[in-house]
Amino acid sequence: MLIKKRISIFYFIRTIKWDVLAIAAYAMLAGTFDHYGILSQVSIPLAVTAFSGTVLSLLLAFRTSQSYERWWEARVVWGAIVNDSRTLIRQVKQFMPKTEQGLAVAKDFAARQGVWCFALSESLRKVEHSNKVSTYFSNIGANSANKANLILDHHADALAAASEQFNINANKQVQIDATLARLCDSMGKCERIKNTVFPRAYSVLIHFLIYVLMTMLPFGLEDQSKLVEVSLTIIVPVLFIAIEQTAILMQDPFENRPTDTPMTALSMSIENTLMEMVGEPPVYKIEPPASYYIM
């Protein structure tokens, strides 16, 4: 999840370490042969290298922009989930009778909505479901490949039962159902982001061009200083590799990484708020422990 203090520079370096090692090895070999070996007579005009770098920069700019758009859309969707979860419980509280039975219905909705948030986040990350989700489905004796969708069905069933029991106005029932529809819509958007793969060919092309630039770079630089030539041959491609890796990390916001959308923390915050709305103490009394941050 994207929390500044939780992301180490060493995590990012580990994701590109093999590319860095390959680039460094090539730079030292090419620099040596360019000065003392059979490649000393090879010269590539710097304009050719500059043109390759310009093309690569444009492709990387587009790639980074599209990746950030996916990451930001995921965060916007979860912001809508936060708002609609609060709206759902507020509507249920207002529209149910102000009795113990009406409050019990609101509490059931709040608890079930908290489970829904965790079920959705865990299914998006494709990790084993938590005890909270497993216990809920064990208690009701039901299961589903899409647990979050089944919980929305249970919301709808509970709404129908409460409407019949308390003779709720049809207009009020429609308003609650509209909120459930928005939650379903948010779930579908998350699944679309998760299941839509960024074109692999685009990544291959960018990676290929980075290595083409790296190959040409030593032979387009001045041969006055071997150290400067080797250093530039390492630094320039590594910068492009780092930009590409940043885009790769952002393009999949539900992949259980430090740059992930903070779904667990958001789910805990949602559940705390919903419990307070129905008069129950917060489930999580302190900042989410480190074990809740998927690293």
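1. From the N terminus on, the elements run α-α-α-α-α-α-α-α-α. That gives 9 helices and 0 strands (DSSP runs numbered from the N terminus, with H or I over at least four residues for a helix and E over at least two for a strand). Please keep in mind that this is a predicted model, where local features need pLDDT of at least 70, side-chain atom pairs count only at pLDDT 80 or more, and totals for chains, interfaces and linings use all residues. Residues are numbered from 1 along each chain as its sequence is written, and side-chain values use heavy atoms, with hydrogens and water left out.

2. On the chain as a whole: buried residues account for 42% of the 295 residues. Here buried means under 20% relative accessible area, exposed over 50%, and partly exposed in between (1.4 Å probe, protein chains only). The accessible surface comes to about 15,400 Å², with 61% of it belonging to carbon and sulfur atoms; areas are from the Shrake-Rupley method with a 1.4 Å probe, and for residues only the protein chains shown count as cover.

3. A word on contacts (heavy atoms within 4.5 Å). Among those between residues at least 6 apart in sequence, 78% join residues at least 24 apart.

4. The largest nonpolar core (buried Ala, Val, Leu, Ile, Met, Phe, Trp, Tyr and Cys residues joined through side-chain atoms within 4.5 Å) has 48 residues, and Trp 78 and Trp 116 have the most contacts inside it. Two or more residues each come from α2 (46–95), α3 (100–125), α4 (131–140), α5 (147–166), α6 (170–195) and α9 (263–277). The most come from α3, with 11 residues. A second, separate core of 18 residues includes Tyr 11, Phe 12, Val 238 and Ala 242.

5. Trp 78 deserves a look in your viewer. Leaving out residues up to four places away in sequence, Trp 78 touches, among others, Cys 117, Leu 120, Leu 124, Cys 190, Phe 254, Met 263 and Leu 266.

6. Ile 206 sits in helix α7 (residues 200–216) and counts as buried because its relative accessibility is 0%. Beyond neighbours within four places in sequence, Ile 206 contacts Leu 56, Leu 59, Leu 60, Arg 63 and Glu 244. Arg 63 is 143 residues from Ile 206 in sequence, yet their C-alpha atoms are 9.2 Å apart.

7. Ile 13 lies in helix α1 (residues 9–36) and counts as partly exposed because its relative accessibility is 42%. Together with Ile 9 and Phe 10, Ile 13 makes a nonpolar surface patch of about 320 Å². Patches take residues with over 30% relative accessible area and no salt bridge (a side-chain nitrogen of Lys or Arg within 4 Å of a carboxyl oxygen of Asp or Glu), joining nonpolar side chains (Val, Leu, Ile, Met, Phe, Trp, Tyr) within 5 Å and like charges within 9 Å.
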